[in-house]
Each structure stands twice: as structure tokens, then as C-alpha cells.
Amino acid sequence: MSLKTRISDDMKAAMKAKDGARLSTIRLLMAAIKQKEVDERVELDDVGIVAVIDKMQKQRRDSVTQYESGGRQDLADKERAEMEVLAAYLPQPLSEQEIAALIDAAVAESGAAGVADMGKVMALVKPQMAGRADMGKVSAAIKARLAG
């Protein structure tokens, strides 16, 4: 079953269960997917949908930080609840060891010799890690690996 079908089925289940918070988040996700498809005039596959979900997760992480610094814990909690619903559609996150192994393999494959070659390594690891790792942390790990 495709990810899009699973999301659609979960939306129907949330409607039947009258789970308003979950339904609202899934509708936001479906709207974001549809918007991306309309903008790019393509039918998104699972990889494209994971990229949309990953972007939505990042937006919510940023919102939580803003709300907490502004003293709005109620809104921060709402964002966290949305993040939990969205996380159910992401693939299992990679462990630190798996990330390190993928980075080492990409460095060897690209022949990267220093920080100047970071783009080559990122180009190789990004498709493998999309939605499965925080790319900011991955970027820092690559930079540390190439600098050392």
C-alpha cells in the first residue's frame, strides 16, 4: 500500500472515530501533498511524500521553539501533538551508527578529501537519509568527518 493511500485511509478512520486533532493534522498533510503536486504538476511517490512530511516536521519544531520562548505552552503542546501524528508516516529513524556508516560509505564513494568536497558527500547521503535523520546534524557530522 502506498503512503498516500495509507494517509487517506487514516483520515477516514479519524473521521469515523471523531478524532478531531488527528483528523485536522492529516487534512493539513493531505493539503500540503496536493499543493506540492499541483505546483510541480506531478504525482508524488512515497519519497516525495516523505519530503513533504519532513518539511512539516521541521516547521513544527521551529514553531515549538518560538511558542515556548513566547510563553505559549498550549500552542507548543498542540504542535508537538501534530508532530506525533506526522511521525507515524515517516520511516524508522536511523541510529547514530547507521548514519556514520552511510557517511563513511559516501566519503569513500565520492573520494572526498576535505571540507570543500562536502557537497559531493551530501548529494550521496541525502536521498538515503531523507525523513530518517535530521539533515542539520548529518551535515555537521559530515563536516566533522571531513575536517578530521
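This passage describes two residues of helix α4, the packing of helix α6 and the largest pocket in a predicted model.

Within helix α4, which spans residues 73-87, two positions were examined for their burial and their contacts. Valine 85 lies in this helix and, because its relative accessibility is 11%, under the 20% limit, it counts as buried. When residues up to four places away in sequence are left aside, valine 85 touches Arg22, Thr25 and Ile26. The last of these contacts joins parts of the chain that are well separated in sequence, since valine 85 and isoleucine 26 are 59 residues apart along the chain, whereas their C-alpha atoms are 7.7 Å apart in space. Glutamate 82 is likewise placed in helix α4, and with a relative accessibility of 6% this residue also counts as buried. Its contacts, again not counting residues up to four places away in sequence, are with Thr25, Leu28 and Arg60. Thr25 is thus touched by valine 85 and by glutamate 82.

Helix α6 comprises 12 residues, 118-129, and extends 16 Å from its first C-alpha to its last, which is close to the 16 Å expected at 1.5 Å a residue. The buried residues of α6 are Met118, Val121, Met122, Val125 and Met129. These residues cover an arc of only 95 degrees around the axis, and they therefore fall on the same side of α6. Gly119, Ala123 and Pro127, by contrast, are exposed on the other side of the helix. The packing partners of the buried residues of α6 are α5, formed by residues 96-110, and α7, formed by residues 135-147. Following α6 is glycine 131, which has a positive phi, near 80 degrees.

The largest pocket of the model encloses about 360 Å³ of space. Its lining consists of 17 residues, and those nearest the centre of the pocket are Pro93, Leu94, Arg132, Ala133 and Asp134. Helices α3 (46-69), α5 and α7 each contribute at least two residues to this lining; α5 and α7 are also the helices against which the buried residues of α6 pack. In terms of residue character, the lining of the largest pocket is made up of nine nonpolar, two polar and six charged residues.

Notes
Residues numbered from 1 in each chain as written. Predicted model: local features only at pLDDT ≥ 70, side-chain atom pairs only at ≥ 80, totals over all residues. Heavy atoms only, no water. Helix = DSSP H or I, 4+ residues; strand = E, 2+ residues; numbered from the N terminus. Buried < 20%, exposed > 50% of the residue type's maximum accessible area, 1.4 Å probe, protein only. Contact = heavy atoms within 4.5 Å. Expected span 1.5 Å × (residues − 1). Arc of directions from axis to C-beta. 1 Å grid on protein atoms, 1.4 Å probe; cavity = no way out; pocket = protein on both sides within 12 Å on 5 of 7 lines; lining within 4 Å. Points joined across faces, edges and corners; volume = space filled by probe spheres on them. Nonpolar A, V, L, I, M, F, W, Y, C, P; charged D, E, K, R; others polar.
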